[in-house]
Amino acid sequence: MKKLVIYFSLFAFCLTGCKKIIEIDTENADPQLVIEGRINDSLIDQQIKISKTIGYTETNVFPKVSGASVTVTDSKGNTFVFKEGSTSGTYINKMKGVPGVTYNLNVTAEGQTYTASSKMPNVVKMDSIGVINNFFFGRERKTAAVFFKDPANETNFYHFNLYVNDVLSERFYVNNDRLTNGNDLRIQLFFNPPTNDHDSDELNANDKIKIEMECIDSNIFDYWYALSQQSNRGPNQGTTPANPTSNISNQALGYFSANTYQVLSATVK
Amino acid sequence: MLIRHYLALFSLLFLSTSIFAQKKFTLSGTIRDAGTGETLIGATVRISGASTAATLTNNYGYFALTQAEGTYTVAVSYTGYASVVKTINLTKDTKLNEELKSANDLDEVTVSANNRKNDNVKSAQMGLERIDMKSLNSIPVLLGEKDILKTIQLLPGVKSGGEGNTGFYVRGGAADQNLIILDEAVVYNSSHLLGFFSTFNADAIKDVSLYKGGMPAQYGGRLSSVLDVKMDDGNNKEFKFQGGIGLIASRLKAEGPIVKDRGSFMVSFRRTYIDLFLRASPDSSVNGSTLNFYDINAKANYKINDKNTIYISGYFGKDNIGVKDLFENNWGNVTTTIRLNHIFNDRLFSNTSLIYNNYNYTVRLLNDATNFKATSLVRDFNFKEDFQYFSNKHTLRFGVNATQHRISPIDIDSDEASQVNSLTQERRYGIESAAYVSDEWAVNEHLNFLYGVRLAAFSLMGPGNFSTYDADGNILSTENVAKGKFHKNYFNLEPRFSVSYLFNEENSIKASYNRNTQNVHILTNATSSSPTDQYVLSSNNIKPEIADQVALGYFKNLDENNYELSGEIYYKWLQNQIDYKNAAELLANSNVESELLYGVGRAYGMELFFKKKFGKLNGWVGYTLSRTERKFTELNNGKYFPARQDRTHDISVVGIYNMTKRWTFSSSFIYSTGNAVTYPAGKYSVGGQMAYYYTERNAGRMPYSMRLDVSATLEGKVRKKYQSSWNFGIYNLLARKNPYAIEFITDPDNPGKTAAQQTSLFGLIPSITWNFKF
């Protein structure tokens, strides 16, 4: 909402071109290990990806880390060994996570050991998805939305991914029920295409939308929430950017999340 | 315990006054403007004869000087006014009420050198800047809306909160560490329209003083500065109207006598009308939008008799922003001050104040699914009793102060259909009380002291549930405190000390040390002041913020005080500073104190100031070299990092050229190093998106800012009663794109790479304002 106001002031005051590309003075950091692990509640090849950071000025190709040993144990005593599949740096095991079970990750890569744990929350049923018409300063704008009922008896955390015509929206969508516990929720997901063209953020008739909904634990909420506070907003506005707190030990970047998974698709009318 | 401290202070005080009391006679009185009857603050009264002495009038124009029996020459002077010189036979306690003629009504020549004062050199007070309301009118500003908060940003040691923003930082302090008071009432949110304008309508303002350091003991409650704003009392001789029509706002002020020479009133009103343009739009959702603010200043005073004068003043302001069927946001301050000046005897002057102030905001979301109304309020009741005792070489000031705070952090009100739940966050109650004593002591012609102490007590009161959190933010314990019971008490002793040594009438050095503490804190993640800033009181978790500052300065006046030259260096230590954890949720969070981090800070710098005060061309050059850093165990590996407002170099140049009687040209130029910001050092992929990897906190710099503003004022022909003027301004004449924000995007020229894109707010903006007076 505040952002909207700022846009409005920009609109009102900025008489000349207001944006330009500048050079910034920053030093490229040494590569850091990034672990991205998800276990969901479907029987699929669950994936743990290990990669590295690159310097700010480098081209966006992220080096994969091969040859790691990756195991997941659960609170019921099962052990799952993840093997590097056909894609290097991606370690897979066909299994199905169960809500209420805690999963522990153990990764040994390049001589270092990293651990993390995450408890899979209960499933909150995703009822439907749809498109909402908003009016911003006289302009109609269609927005994708997801509908579900938040359970009143527990604290819930949600993470969403939005795809428009199979293109992932570049925004971190995350919610908790701190102010909305127990209610029928309609969460709007504003599309942010991975291009610089801000006119292409509109949904048009016949666009295919797909929304993934994950019920996540509180650490993972904090992780996505920290990223959402920073994404697309550089420094000098709001929160001072910092690396989100990871639930993985030994200063690895990334996260290990045991979460539920649901997906629905629709076509914009 | 507290009472005992007060008693100890007072016994000390009276002990000292009795030592100084001697059989002499006192010359006392009130100095006023001859045209309007407004009291003159800080006018010099100098008496010479058997001995010489000088004093300044206080905030109510009152002065008292005590000397041995004899014949004296008394000179009363005030910048911009013709001096009055009189011979007085001091054989008994004598009254001297003088009215000075404004230089406006006089020829340039008659304003001779003898009323060019050298208080800046002489007084022990350091770090004080007074804004001349006359030059304020000619300094160019954004959209021609003259503004004291933007003008003080042109002074050394004061940094702007951002382009076009009225937020400010003083000597490394945070934006919430400025004590901003309007007729003694705290103004919690001093900005309109997201910070682009301040709550102070310059028409209604009489005097502005900014203390960057060496705060006298009567001020307390904030760490880094005191901005003391006083409203006009109103003309007690005749009815006057003045006003102006500008691009975005119009102003109207009326003043006049209630009873001639005994009492007067002043009412001033300002409103913006940006939304009138929106209303002209044919589009229904645009013309249903609101974007405006208004404020009203009102004041009245009445001299009951020679010993008692009563003042009542108030401020009421409101901002309204709204988009039809989407949201509404409004916020504003209310202040009310009732004061009684009482003269016990010629030497003892007292002022009793009862003050009420509040700040509140409302946010309404009108969307059908997320329909709710959120409100928040900070409300203070404040009682102040202040005494000034004028002795031969001493001016003693002592008093007590008690403020009750009530904070309603947020109440959310929603209906059944809304997906947001209703919520009432517990109110917080606190009492801040203080007792202080200070003495301004002119030891001899060379040495002046201003020293004192303030005892500040803070109590967090029930009712409420107060939780204590561990470092991870888990609740360790929760205490239920009944109404009126104390939950947590803090006592802080704040020594204040300044000394000046005059080599001669035009050269001095000064040194000061002062401690300030703060018990009301703003929690905000925003860079600029936001209407939804949240206020919290000191608690079990939040300790009082403490600042210790030492400063040293050299002051020199040249050419019979026509030129002022000064250099000050300072070092400041800050304790119990507040920052936020990663992913902190500050709003509507009853456990918000679990999201905080506590650390220390340091700030140091040098300020150079050169000012030409008189003549056709006047103005100033200010330069600040400074550093301000913070240290938190949990951030930046526990190492010091630059605060966001750390800007190494700050230069401001202000020039005012009175070409003819009718034409005045002015310009201001600023240059400042960019803010300290955190730039990414690396990047990686997570969740299918790009994330940035950060190393050192705030190790990067925004590009520098530079801006030249100009304005011209054309005074209309002077008619008998009626006067008008035109003001033409250009903001950012060089049309430079100054940095406001930076975001990271895919490099348009090289899609595999990342580029930094800078957003600027203002290009070249012309303005025109028409002012009138009759």
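Start by selecting strand β4 of chain A, residues 54–55, together with β44 of chain B: in this predicted model, the two strands run antiparallel and are joined by 2 bridges. Now zoom in on G55(A). Which residue stands opposite G55(A) in β44(B)? Click across to chain B and you'll land on G682(B).

Next, zoom out and colour the whole contact between the two chains. Chain B puts in 68 residues and chain A puts in 67. Stay on the chain B side and pick out the elements that each give at least two residues to the side touching chain A. You've already met β44 (682–686), and you can add α6 (284–287), β45 (689–693), β46 (700–701), β49 (741–746) and β50 (754–759). Try colouring that side of chain B by residue type: you should get 35 nonpolar, 25 polar and 8 charged residues.

Keep β49(B) and β50(B) selected, and add β1 of chain A, residues 19–22. What is the order of the strands here? Reading across, you go β1(A), β50(B), β49(B), in an open sheet of 3 strands with antiparallel pairing. The edges are β1 of chain A and β49 of chain B, each of which pairs on one side only. Turn the view to look along the sheet: from one strand to the next, the twist averages 40 degrees.

For the last stop, hide chain A and look at just the chain B pair. β49(B) and β50(B) are antiparallel partners over 6 bridges. To see one of those partnerships, select I745(B) and then A755(B), its bridge partner in β50(B).

Key
Residues are numbered from 1 along each chain as its sequence is written. Chains are lettered from A and ligands numbered from 1 in the order in which they are written. This is a predicted model: local features need pLDDT of at least 70, side-chain atom pairs count only at pLDDT 80 or more; totals for chains, interfaces and linings use all residues. Two residues are in contact if their C-beta atoms, placed from the backbone, lie within 7 Å. Helices (H or I, at least four residues) and strands (E, at least two) are DSSP runs, numbered from the N terminus. Ala, Val, Leu, Ile, Met, Phe, Trp, Tyr, Cys and Pro count as nonpolar, Asp, Glu, Lys and Arg as charged, and the others, Gly among them, as polar. Two strands pair if DSSP finds at least two bridges between them. Axes are lines fitted to C-alpha atoms, for helices over the stretch in contact, and angles run from 0 to 180 degrees between N-to-C directions.
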